[in-house]
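Work through the exercises below with the sequence and the model open. Try each task before reading its solution.

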Amino acid sequence: MEGFKFSPKSKKILMLLVILALTPFAPELLLFMDVAGVEVAFTCLLIMIKPMNLWVECQIVKIKEFSRVMILAVKQHPVSDARVFAGHYFAFSLTLLLTSSLFVSSSIWLPILVMGRYIA
């Protein structure tokens with residue numbers, strides 16, 4: 001285990017590198033480092049990790065819930081029905097072929113996308 005021991009100077013350099021890497025996310029560490037030193041700033045960083053970790057976990061749960069709701073909404077939307085999709089795709093393709101305008105042919109999708117909840 002002799003290889004894992006750090007000299008005091010290398011510990012400070014390692015702490016400084018960690019603090020500099022995390023400074024964009026916690027700029028107040030620079031103030032601690034300027035006033036009290038690298039050791040105090042690193043200690044404050046370790047104290048701040050738990051609330052940051054809880055916030056990140058909360059955001060991950062929110063993103064998972066939002067994704068689940070969006071997937072359910074897409075599955076229940078009438079465009080997910082093969083007959084509705086095929087009919088609109090055929091009308092879209094025919095209009096694109098006749099008018100050569102993507103804007104005009106895309107307007108075929110607008111009623112089903114906007115009013116899809118009320119059609120089904």
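Buried means under 20% relative accessible area, exposed means over 50%, and partly exposed lies in between (1.4 Å probe, protein chains only). This is a predicted model, in which local features need pLDDT of at least 70, side-chain atom pairs count only at pLDDT 80 or more, and totals for chains, interfaces and linings use all residues. Residues are numbered from 1 along each chain as its sequence is written, and side-chain values use heavy atoms, with hydrogens and water left out.

**Exercise 1. Classify Leu14 as buried, partly exposed or exposed, and find its surface patch.**

Step 1. Locate Leu14: it lies in helix H1, residues 8–22. Helices are DSSP runs (H or I, at least four residues), numbered from the N terminus.

Step 2. Apply the cut-offs. Leu14 counts as partly exposed because its relative accessibility is 43%.

Step 3. Find the partners. Leu14, Val18, Leu22 and Phe25 make a nonpolar surface patch of about 360 Å². Patch residues have over 30% relative accessible area and no salt bridge; nonpolar side chains (Val, Leu, Ile, Met, Phe, Trp, Tyr) are joined within 5 Å, like charges within 9 Å. The areas come from the Shrake-Rupley method with a 1.4 Å probe, and for residues only the protein chains shown count as cover.

**Exercise 2. List the residues of the largest nonpolar core and say which helices supply them.**

Step 1. Recall the rule. A nonpolar core is a set of buried Ala, Val, Leu, Ile, Met, Phe, Trp, Tyr and Cys residues joined through side-chain atoms within 4.5 Å.

Step 2. List the members. The largest core has 10 residues: Met15, Ile19, Ala26, Leu29, Met33, Val38, Ala41, Cys44, Leu45 and Met48.

Step 3. Assign helices. H1, H2 (28–35) and H3 (38–76) each give this core at least two residues. H3 gives the largest share, five residues.

Step 4. Look around Val38. Leaving out residues up to four places away in sequence, Val38 touches Lys12, Met15, Leu16, Ile19 and Met33. Contact here means heavy atoms within 4.5 Å.

**Exercise 3. Count the disulfides, then classify Cys44 and Cys58 as buried, partly exposed or exposed.**

Step 1. Set the test: a disulfide is a pair of cysteine sulfur atoms within 2.5 Å.

Step 2. Search the whole structure. The count is zero.

Step 3. Compare the cysteines with the cut-offs. Cys44 is buried because its relative accessibility is 18%. Cys58, at 37%, is partly exposed.

**Exercise 4. Find the salt bridges and place their residues.**

Step 1. Use the cut-off: a side-chain nitrogen of Lys or Arg within 4 Å of a carboxyl oxygen of Asp or Glu. The count is three salt bridges.

Step 2. Take Lys12 and Glu39. Their side chains meet at 3.4 Å, N to O. Lys12 lies in helix H1 and Glu39 in helix H3, so the pair ties together parts 27 residues apart in sequence. Lys12 is partly exposed at 44%, and Glu39 is partly exposed at 35%.

Step 3. Take Glu65 and Arg68. Their closest N and O atoms are 2.7 Å apart. The two residues are separated by about one helical turn, because they are three residues apart in helix H3.

Step 4. Take Asp81 and Arg83. In this salt bridge the closest N and O atoms are 3.5 Å apart. Asp81 is partly exposed at 30%, whereas Arg83 is exposed at 69%.
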